[in-house]
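Please work through the exercises below with the sequence and the 3D structure open. Each task is followed by a worked solution.

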Amino acid sequence: MPFSQLEIEGHSIVLLGSFNPQIFQPSWFGNEGLIRKEEAQSAKIEVVHRELVSFSTESFRIEVFPERVLFATSQPQFYDPLRDLALGTFRVLRHTPVEKMGINRDLHYRMESEEAWHSIGNRLAPKEPWASLLQEPGLKGLSIQGARADIFKGAIIARVEPSGRVKPGVFITINDHYDLDTEPGHGADKMLEALEISWKTSLERSLKIAEGIVARQ
Amino acid sequence: MSGVAVHKYDPAQAVDLSVSTNSMENSRIPKSVTSKVFSGSVWHQTTPPNQFQHLQIQAAGSSNTMTTLSQSNDVGHSLWPKFNTMSLPEQLKPTSPVRVPRKTYATEARFLQLQKWECTVLEVKEDAFTARLIDQTGSNPDEEAEFSLDEVDTEDRDLVEAGAVFYWSIGYRDRPSGRERISTIRFRRLPVWTPKELRIAAQEAARVREKIGWK
């Protein structure tokens with residue numbers, strides 16, 4: 001087995017702004033041609049309420065609060081369709097104000113051994129400073145924020161934890177966060193632009209960050 | 001249960017909260033769970049939940065675009081409440097209890113992707129179509145291939161026309177019954193381009209043209 005191996009992953013786009021959850025129902029997505037009608041009809045609805053709509057299709061999960069929308073998938077073959085779904089939705093609803101966006105990637109890596117697993121924690125958070133303060137100190141979670149290297153405002157935040165799903169494993173979540181500076185009347189334009197421009201770079205970067213964290217050193 | 005902040009709680013999902021509480025302003029996290037999880041859109045209740053678990057929305061103060069704060073044993077629990085700074089006007093804050101979803105991602109058998117192409121339809125024939133394939137997983141040169149229309153989902157057939165974009169993935173899907181090799185074709189579904197997007201595309205084309213010295 002390799003030193004680390006990606007075992008579970010997911011991708012999501014989170015938007016913050018001002019939304020009307022009741023619009024975002026499976027039938028609406030189907031009628032707008034954003035998902036197949038059959039997929040819309042077979043969607044598993046969890047909640048339809050004026051303040052929250054939540055459902056899953058065979059490919060996506062969608063969750064809408066008045067101030068937050070989430071599009072997610074755990075299937076790599078639907079990553080690009082996920083972007084298309086978010087783009088398509090807000091091309092239709094382009095006057096909806098979207099102020100912030102996160103392109104997020106969650107990954108669970110299985111480590112080849114307990115020793116390999118500890119080596120990641122020890123490298124990221126050396127125990128020496130804690131040795132006199134805590135008994136058996138161990139890394140429970142670590143967030144590191146980096147500046148953006150593109151034209152957008154925001155930050156890239158990586159968080160590392162022991163995996164709760166894979167043992168011994170490491171969980172990494174990358175939040176590629178965009179502050180969109182949406183001007184009144186511009187609705188979702190900035191978000192559409194940022195998502196269109198950044199998607200591929202964001203995917204590659206988040207994977208590179210994660211692979212760097214779990215690499216043998 | 002209306003009028004009371006109700007929270008789901010799963011004792012099996014014990015994750016350090018110290019980082020998250022330090023990162024939140026005006027946290028609504030009940031003191032009773034200060035060392036416990038943060039796994040969903042809401043905190044989990046410390047008392048036995050009723051059948052439908054009506055919950056107050058807790059995402060109202062979120063200004064953070066992460067999917068998870070801590071993975072708490074499940075990829076894809078959604079945003080934790082009140083992570084940082086944006087404060088909403090009072091009228092936008094939720095008042096009604098509603099059910100809150102538990103997971104961010106749809107539960108699916110794991111798909112292990114071997115190769116992925118972004119493809120553009122070149123020509124449509126009676127029962128087949130040809131497409132240009134751009135490798136998305138390596139640096140292989142572009143290829144052309146012919147696909148039977150039978151490979152396309154019935155509902156997607158109207159989308160098959162010259163210039164249409166689709167994604168072709170091949171890989172393994174692991175199910176309890178065993179591993180199967182699968183191929184998926186998914187056509188891009190987008191409304192028409194906006195004038196601004198067309199402008200951006202034109203600018204990008206001009207930039208590329210300039211870069212390669214194409215007159």
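The exercises that follow concern helices and sheets in a predicted model.

**Exercise 1. Helix length**

Task: Work out what span helix α6 of chain A should have at 1.5 Å a residue, and compare it with the distance between its end C-alpha atoms.

Solution:
- Helix α6(A) covers residues 189–213, which is 25 residues.
- The expected span is 1.5 Å times one less than the number of residues, so 36 Å is expected for α6(A).
- The end C-alpha atoms of α6(A) are 34 Å apart, which agrees with the expected span.
- α6(A) also has a kink of about 55 degrees, centred on Ser198(A).

**Exercise 2. Helix against helix**

Task: Classify the crossing of α3(A) and α6(A), and list the residues that make the contact.

Solution:
- The axes of α3(A) (residues 79–92) and α6(A) come within 10 Å and cross at roughly 175 degrees.
- Angles over 145 degrees count as roughly antiparallel, so α3(A) is roughly antiparallel to α6(A).
- From α3(A), the contact is made by Tyr79(A), Asp80(A), Leu82(A), Arg83(A), Ala86(A), Leu87(A), Phe90(A) and Arg91(A).
- From α6(A), Met191(A), Leu192(A), Leu195(A), Glu196(A), Trp199(A) and Leu203(A) take part.
- Sorted by class, the contact has ten nonpolar, no polar and four charged residues.

**Exercise 3. The sheet of chain A**

Task: Give the strand order of the nine-stranded sheet in chain A, and explain why one side of each edge strand is left without a neighbour.

Solution:
- The sheet is open, its pairing is antiparallel, and its order is β2-β3-β4-β5-β1-β6-β9-β8-β7.
- β2 (44–49) and β7 (142–147) of chain A stand at the edges with a single partner strand each, so one side of each has no neighbour in the sheet.
- From one strand to the next, the twist averages 15 degrees.
- Within the sheet, β6(A) (residues 98–111) and β9(A) (residues 169–179) pair in the antiparallel sense over eleven bridges.
- Tyr109(A) stands opposite Val170(A) in β9(A).

**Exercise 4. The sheet of chain B**

Task: Find the edge strands of the five-stranded sheet in chain B, then state which of its strands α3(A) lies across.

Solution:
- This open sheet has the order β5-β4-β3-β6-β7 with antiparallel pairing.
- Its edge strands are β5 (143–148) and β7 (178–187) of chain B, each pairing on one side only.
- Neighbouring strands are turned by 35 degrees against each other on average, direction ignored.
- β6(B) (residues 165–175) and β7(B) pair over ten bridges in the antiparallel sense, and Asp174(B) stands opposite Arg179(B) in β7(B).
- α3(A) lies across β3 (110–124), β6 and β7 of chain B, and runs at about 130 degrees to β6(B).

Terms used
Residues numbered from 1 in each chain as written. Chains lettered and ligands numbered in written order. Predicted model: local features only at pLDDT ≥ 70, side-chain atom pairs only at ≥ 80, totals over all residues. Heavy atoms only, no water. Helix = DSSP H or I, 4+ residues; strand = E, 2+ residues; numbered from the N terminus. Bend = angle between axes of the 7 residues up to and from the residue. Pairing = 2+ DSSP bridges. Axes fitted to C-alpha atoms, helices over the stretch in contact; angles between N-to-C directions. Parallel < 35°, antiparallel > 145°, perpendicular 65-115°, else oblique. Contact = heavy atoms within 4.5 Å. Nonpolar A, V, L, I, M, F, W, Y, C, P; charged D, E, K, R; others polar.
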